[in-house]
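Reader: Could you take me through this one slowly, starting with the terms you rely on?
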Amino acid sequence: MEQETVNSSVGNILVQMNDIGKSYGQTEVLKNINLNIFEGQNHVIQGASGSGKSTLLYILGSLERPTSGQVFLAGKETTKMNDAQLSEMRNRFIGFVFQFHFLLPSMTCMQNILLPAKIAGIKEKKIKAKILEYAEELNITHCLKKYPFEISGGEQQRVNIIRAISLSPKLILCDEPTGNLDSKNTQVAIAMLKNLAKEAGSTLIVVTHDNSVAASFEHKITIEDGQIIG
Ligand code: ADP
Ligand code: MG
């Protein structure tokens, strides 16, 4: 019943979190999290190390289940879904970018980028032209036939960004995406992420403890000791 009420009123709410709590054993990591994210509104989640940013992002992206509360993605309650439904939802709606890129070492960069399409059963030729365009834009065309260990950290991160965005997901979730980049490359990577997200029609949510990254976002969520304080 409740889901139907929310469904009919979400409009362009992409993510809704209602009274989320998360505990590991006795340790309460998130408390009373209420959050609405509208389509097209990029957000930064900022806070000190250990404040609960990653946990919040993983629950948002349904990689983790909350201990209590509800999460809706595009009007569908993910907290009611089973693991198979969640993987399908993630594959269809979400692109992930993590600090330590999970590029598979035994595949070329192009094969890595094509992996989400393969999992989703989408034909290579449907998205290859777009991938080549993105690669050109991010200056990594020369990396596509190489293996991840043959290119630099900054280049790997750009491969990672293209992989996350390749299926034009509704949501792109990034956990400290610039954590291992220097300050110049940090600004470049954030600008690239924003540009590509805009082109793909995706909404971007970036977790960071870096104030210079947070400063470039209009919408900010500040988390302290597991609670949203602003
Ligand atoms: P942040 O990303 O802001 O640094 P995290 O969300 O990673 O913070 O962690 C928030 C708190 O939850 C920390 O105190 C951390 O130790 C704890 N925590 C995170 N994951 C686990 C886990 N799997 N088991 C136990 N405690 C955890
Ligand atoms: Mg973290």
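Author: To begin with the classes, Ala, Val, Leu, Ile, Met, Phe, Trp, Tyr, Cys and Pro count as nonpolar, Asp, Glu, Lys and Arg as charged, and the others, Gly among them, as polar. This is a predicted model, in which local features need pLDDT of at least 70, side-chain atom pairs count only at pLDDT 80 or more, and totals for chains, interfaces and linings use all residues. Residues are numbered from 1 along each chain as its sequence is written, chains are lettered from A and ligands numbered from 1 in the order in which they are written, and side-chain values use heavy atoms, with hydrogens and water left out.

Reader: How many residues of each class does the shell around ligand 1 have?
Author: That shell has three nonpolar, six polar and one charged residues; among the residues around ligand 1 (a heavy atom within 4 Å) are Tyr24, Val29, Lys53 and Thr55.

Reader: And which helix gives the largest share of that shell?
Author: Helix α2, residues 53-60, does, with three residues; helices here are DSSP runs of H or I with at least four residues, numbered from the N terminus.

Reader: What does an oxygen atom of ligand 1 meet in Thr55?
Author: An N or O atom in the Thr55 side chain lies 2.5 Å from an oxygen atom of ligand 1, while for Gly50 a polar backbone atom is 2.7 Å from a ligand oxygen.

Reader: Changing topic, is Lys126 buried or exposed?
Author: Lys126 is exposed (over 50% relative accessible area, 1.4 Å probe, protein chains only), with a value of 70%, and its place is in helix α5, residues 124-137.

Definitions and conventions
A polar contact is a pair of N or O atoms within 3.5 Å; within protein, one must be able to donate a hydrogen and the other to accept it, and residues adjacent in sequence count only if both atoms are side-chain atoms. Helices (H or I, at least four residues) and strands (E, at least two) are DSSP runs, numbered from the N terminus. Buried means under 20% relative accessible area, exposed over 50%, partly exposed in between (1.4 Å probe, protein chains only).
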